[in-house]
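Subject: Handover of a structure, with notes

Hello,

I am passing this structure on to you. Please look through it first; my notes follow below.

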Amino acid sequence: MSQTLLSQINSPADLKGCDVNQLPQIAQELRDFIIEVVATKEGHLGASLGVIELTIALHYVFNTPDDLLVWDVGHQAYGHKILTGRRDVFRTNRDLNGISGFPKRDESVYDTFGVGHSSTSISAALGMAMASQLRGIDRKHIAVVGDASIASGMAFEALNHAGVSDADLLVILNDNAIGIDPAVGALKDYLTKTKSGKETGRDNIFESLNFDYSGPIDGHDLPLLLKELKRQKSLKGPRLLHVRTTKGKGLKQAEIDQVRYHAPGKFDRTTGDIAPADTSLLPPKFQEVFGNTIVELAEQNENIIGITPAMPTGSSMKIMMNAMPDRAFDVGIAEQHAVTLAAGMATQGLVPFCNIYSTFLQRAYDQVIHDVALQKLPVVFCLDRAGLVGQDGATHHGNFDLAYLNCIPDLIIAAPMDAIELRNMMYTAQLGLELPIAIRYPRGRGRILNWQQRFQKLSIGQSRVIHLGIKIAVLSIGSIGAMIDDLISDEELDVTHVDMRFLKPFDHDMLDDIFEQHEHIITIEDGTIIGGLGSMVVDYASAKAYKNNIYKLGIPDAFIQHGPTKDLHKIAGIDSETVYNLISDLSTR
């Protein structure tokens, strides 16, 4: 990079040393740098481009890191990272052993709170403000939250508490009318209407919550931002500044197609164009299989309903929303509501398919237990992004679902090995179950081209034998079984392979046969080694006093960081090389 203003900024102190008239040039250089890097390295683009001026103004006015700045979700924090000493390592963003794509406490003192899931910033910043107050520390506390995130229940809980405190908390509402997909709900409609300055009295929802409300103001007008933030810095108590921005600002295509350019993959940094990719000869992504299959099933079954919390495009629920808009719903960033909404529908004889990313279902755990499983309501949970998801890292891995669902009574847990199995599990679920079911599947493509085959009803809790061998048996669950299948075929291994398909109910009959006919049993799962398939097999062996040798392969008891999924599988010890070496070793014993 040539000598520019940005190349001389290694900290907010350097930024403050710049003349205010130089800030627009820094904003342009910062945009250009992010576009240049993300064009080739991939990552989250639109959100960061939309808050460039706001990011600069915040670090220029406030005394970070002494003043505590919390970003919600963190998709928009690339500019923040570059201005806080990570410019020279920004090209390692999301790489294995590189910097994280999200704010992370152990990465920088400027990352005051680790994020990745939405709607946490106000609670965290309020906690910091209350702690400062208790300790007698005079500092500012700022939470930057988007209009989609602030509609979440947790954000409202924090606003409700903050409004009756005297905490020194500034909430900046970054209003661009879109999250990953367009924002939805009554609050979005309300924010859209607040265009003419500060509203009066209790007509303003935030003033009704005892916040000092200001705005809306243009989030790309640097002089105006600086003036208003300086005024906010002189105030105390709970206050909210409403800032309007354009997601993708500065890159024409990203402004026009904000959904696609949230994380566009590789693109031409000059034109912004994304090179067309011919995927016609590639197997479909699991989420595409889900999206097309639910429409196919809904055409046959009028009781099927689709629900997703703010991820219609990523989950491919958008396919049903387009085809059947009166039967598919984006409920916003509201996982708890999504689950209980589905439960309510199930009480009335509907068949709700509630599609939630595995990592986000963690946010609705009580609802799964209390509102669904306890009442034996036949909600169909489709858990996208199960297992290790790659470069989004620890906040987004779907490692825990098998384990955290396994301990819930009256819940069927299924994991398809391939696209055909996913279709058949969805088909079986909508035929009529007496219990809820969770079907988990990974991010990315499967391996079968001819996947739209005739539906077949599956026997709940029944596994299937893929290969028959002697001495050694490999028990897999989910899509990782495809890797085992390929390994056995490619290396011509004399090994039994069983695709368990269901964690609950568990196929004990098959397990008895395996223990009786094999000396060594290997379990493998793209989930935590504690509480999943391996634990089930070991517990059963203990209960039945089997003496076979059991080897559990799974994600270790540690948070796995970001990087290419293939590398993370190797780190976790669930890659083909690890399995091959173990089988080879056991074969010689």
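A word on the annotations before I use them: UniProt positions are given in the numbering used here, and the annotations may be inferred rather than shown by experiment. Please also keep in mind that this is a predicted model.

The annotated domain

An unreviewed UniProt entry lists residues 284–448 as "domain: Transketolase-like pyrimidine-binding". In the model, this span is 42% helix and 19% strand. The C-alpha atoms at its two ends are 8 Å apart.

The nonpolar cores

In soluble globular proteins, nonpolar side chains tend to be buried together. The largest nonpolar core here has 50 residues, and the members that touch the most others are Ile34, Leu45, Ile56, Leu58, Ile172 and Leu229. Elements that each give at least two residues to this core include the helices α2 (23–41), α4 (52–61), α5 (78–86) and α10 (222–233), as well as the strands β1 (68–71), β2 (141–146), β3 (169–175) and β5 (239–244). The largest share, 10 residues, is supplied by α2.

To see one of these residues in its surroundings, take Ile34. Setting aside neighbours within four places in sequence, Ile34 is in contact with Leu45, Ser48, Leu49, Ile52, Tyr78, Gly79, Ile82 and Phe90. There is also a second, separate core of 48 residues, with Ala364, Ile408, Ile514 and Leu533 among them.

A helix pair

How do α4 and α10 lie relative to each other? Their axes come within 9 Å and cross at roughly 40°. An angle that is neither under 35 degrees, nor over 145, nor from 65 to 115 counts as oblique, and α4 and α10 are therefore oblique to each other. The crossing of α4 past α10 is right-handed. On the α4 side, the residues that meet the other helix are Glu53, Leu54, Ile56, Ala57, Leu58, Tyr60 and Val61. Their partners in α10 are Leu222, Leu225, Leu226, Leu229, Lys230 and Lys233.

The annotated binding site

Asp147 and Asn176 are listed by UniProt, again in an unreviewed entry, under "binding site". They are spread over 30 residues of sequence but cluster in space, with a largest C-alpha distance of 6.9 Å.

Asp147 sits in the loop between β2 and α7 (153–162). Is Asp147 buried or exposed? The cut-off for buried is under 20% relative accessible area, so Asp147, at 5%, counts as buried. Beyond four places in sequence, Asp147 touches Leu173, Asn174, Asp175, Asn176, Ala177, Ile178, Ala183 and Leu191.

Asn176 is in the loop between β3 and α8 (186–193). Asn176 has 14% relative accessibility and also counts as buried. With residues up to four places away left out, Asn176 is in contact with Asp147, Thr245 and Lys247.

Two further residues

His141 lies in strand β2 and, at 2% relative accessibility, counts as buried. Among the residues His141 touches, not counting those up to four places away in sequence, are Leu68, Ala125, Met128 and Leu170. From C-alpha to C-alpha, His141 and Asp326 are 43 Å apart, with their positions 185 residues apart in sequence.

Asn424 belongs to helix α19 (residues 419–430). Asn424 is buried too, with a relative accessible area of 4%. Outside the four nearest places in sequence, Asn424 touches Arg454, Phe455, Gln456 and Leu458.

Regards

Methods: Residues numbered from 1 in each chain as written. Predicted model: local features only at pLDDT ≥ 70, side-chain atom pairs only at ≥ 80, totals over all residues. Heavy atoms only, no water. Helix = DSSP H or I, 4+ residues; strand = E, 2+ residues; numbered from the N terminus. Core = buried A, V, L, I, M, F, W, Y, C linked by side-chain atoms within 4.5 Å. Buried < 20%, exposed > 50% of the residue type's maximum accessible area, 1.4 Å probe, protein only. Contact = heavy atoms within 4.5 Å. Axes fitted to C-alpha atoms, helices over the stretch in contact; angles between N-to-C directions. Left-handed = near helix turned anticlockwise from the far one by under 90°.
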